[in-house]
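The following exercises concern the strands and domains of a protein model. Please attempt each task before reading its solution.

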Amino acid sequence: MRVYTATATSEGRDGRAVSSDGRLDVRLALQKELGGNGAGTNPEQLFAAGYAACFATSIKLVAAQQGLDVSDASVTAEVGLSPNGKGGYGLDAILRVKLPDTLTSEQARTLLDTTHQVCPYSNATRGNMPVELLLD
């Protein structure tokens with residue numbers, strides 16, 4: 001049973017993307033690296049923002065369960081787009097996680113690994129694209 005459903009409609013990389021409730025309404029543009037003018041956001045940026053937000057929220061959930069304070073934690077997601085050798089493209093991600101210095105390296109690594117099992121984006125991408133977790 002779903003607890004939430006997000007719905008959005010897009011015209012493609014050169015157009016708009018709009019959520020059903022109107023809260024998201026962005027201009028999309030093909031990246032300069034792909035031959036476009038780059039005058040708007042793109043799906044990879046939106047995916048990076050979503051993954052970073054989801055992973056950061058999941059870290060705070062897991063940390064609370066472990067009795068750790070990571071209220072100032074942050075996640076930067078780098079999402080790459082590369083040819084897949086089959087005529088299409090694939091994604092990869094690097095998640096750069098900043099955690100408080102009060103955590104030991106063992107606590108930090110356990111927190112990251114556990115969060116990677118909890119985060120919905122990590123669960124959706126597992127086995128479908130490479131994801132690297134780095135402590136900054």
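**Exercise 1. The first hairpin**

How many residues lie between β1 and β2 in the hairpin that they form, and which residue in the turn has a positive phi?

Solution. The model to be examined is a predicted one.

Step 1. Locate the two strands: β1 covers residues 8-10, and β2 covers residues 15-19.

Step 2. Examine the turn. Four residues lie between β1 and β2. The residue with a positive phi is Gly12, at about 120°.

Step 3. Establish the pairing. The two strands are antiparallel and are joined by three bridges. Within this pairing, Ala8 faces Ser19 of β2, and Ser10 is set opposite Ala17 of β2.

**Exercise 2. From hairpin to sheet**

Determine in what order β1, β2 and β3 are arranged in their sheet, and which strands are at its edges.

Solution.

Step 1. Add the next pairing. β2 also pairs with β3 in the antiparallel sense, here over four bridges. Gly15 is the residue opposite Leu28 in β3.

Step 2. Inspect the hairpin that connects β2 and β3. Five residues separate these strands, and Gly22 has a positive phi near 80°.

Step 3. Assemble the sheet. The order is β1-β2-β3, and the three strands make an open sheet with antiparallel pairing. The edge strands are β1 and β3 (25-28), since each of them pairs on one side only. From one strand to the next, the twist averages 15°.

**Exercise 3. Two senses of pairing**

Determine whether β5 runs parallel or antiparallel to β4, and then whether β5 runs parallel or antiparallel to β6.

Solution.

Step 1. Consider β4 (residues 74-83) and β5 (residues 89-98). These strands pair in the antiparallel sense over 10 bridges. One of the opposed pairs is Thr76 with Arg96 of β5.

Step 2. Examine the connection. β4 and β5 form a hairpin with five residues between the strands, and Gly85 in the turn has a positive phi of about 80°.

Step 3. Turn to β6 (residues 131-135). This strand runs parallel to β5, and five bridges join the two. Leu95 stands opposite Leu133 in β6.

**Exercise 4. The contact between the domains**

Describe the contact between domain 1 and domain 2, and identify the residues that form the salt bridge.

Solution.

Step 1. Set the bounds. The domain assignment places residues 1-41 in domain 1 and residues 43-135 in domain 2. The centres of the two domains, taken over C-alpha atoms, are 22 Å apart.

Step 2. Describe the contact. Seven residues of domain 1 and five residues of domain 2 take part. The two domains bury about 520 Å² between them, with 60% of this area on carbon and sulfur atoms. On the side of domain 1, the residues losing the most area to domain 2 are Arg13, Leu34 and Thr41, which together account for 67% of what that side buries.

Step 3. Consider the polar interactions. Three residue pairs are in polar contact between the domains, and the number of salt bridges is one.

Step 4. Identify the salt bridge. The partners are Arg13 and Glu44, whose closest N and O atoms are 2.6 Å apart. The cut-off for a salt bridge is 4 Å, and the pair therefore satisfies it.

How values were computed:
Residues numbered from 1 in each chain as written. Predicted model: local features only at pLDDT ≥ 70, side-chain atom pairs only at ≥ 80, totals over all residues. Heavy atoms only, no water. Pairing = 2+ DSSP bridges. Axes fitted to C-alpha atoms, helices over the stretch in contact; angles between N-to-C directions. Domains from an automatic or database assignment. Contact = heavy atoms within 4.5 Å. Buried area = accessible area lost by both parts, 1.4 Å probe. Salt bridge = Lys/Arg side-chain N within 4 Å of Asp/Glu carboxyl O. Polar contact = N/O pair within 3.5 Å; in protein donor to acceptor, adjacent residues only side chain to side chain.
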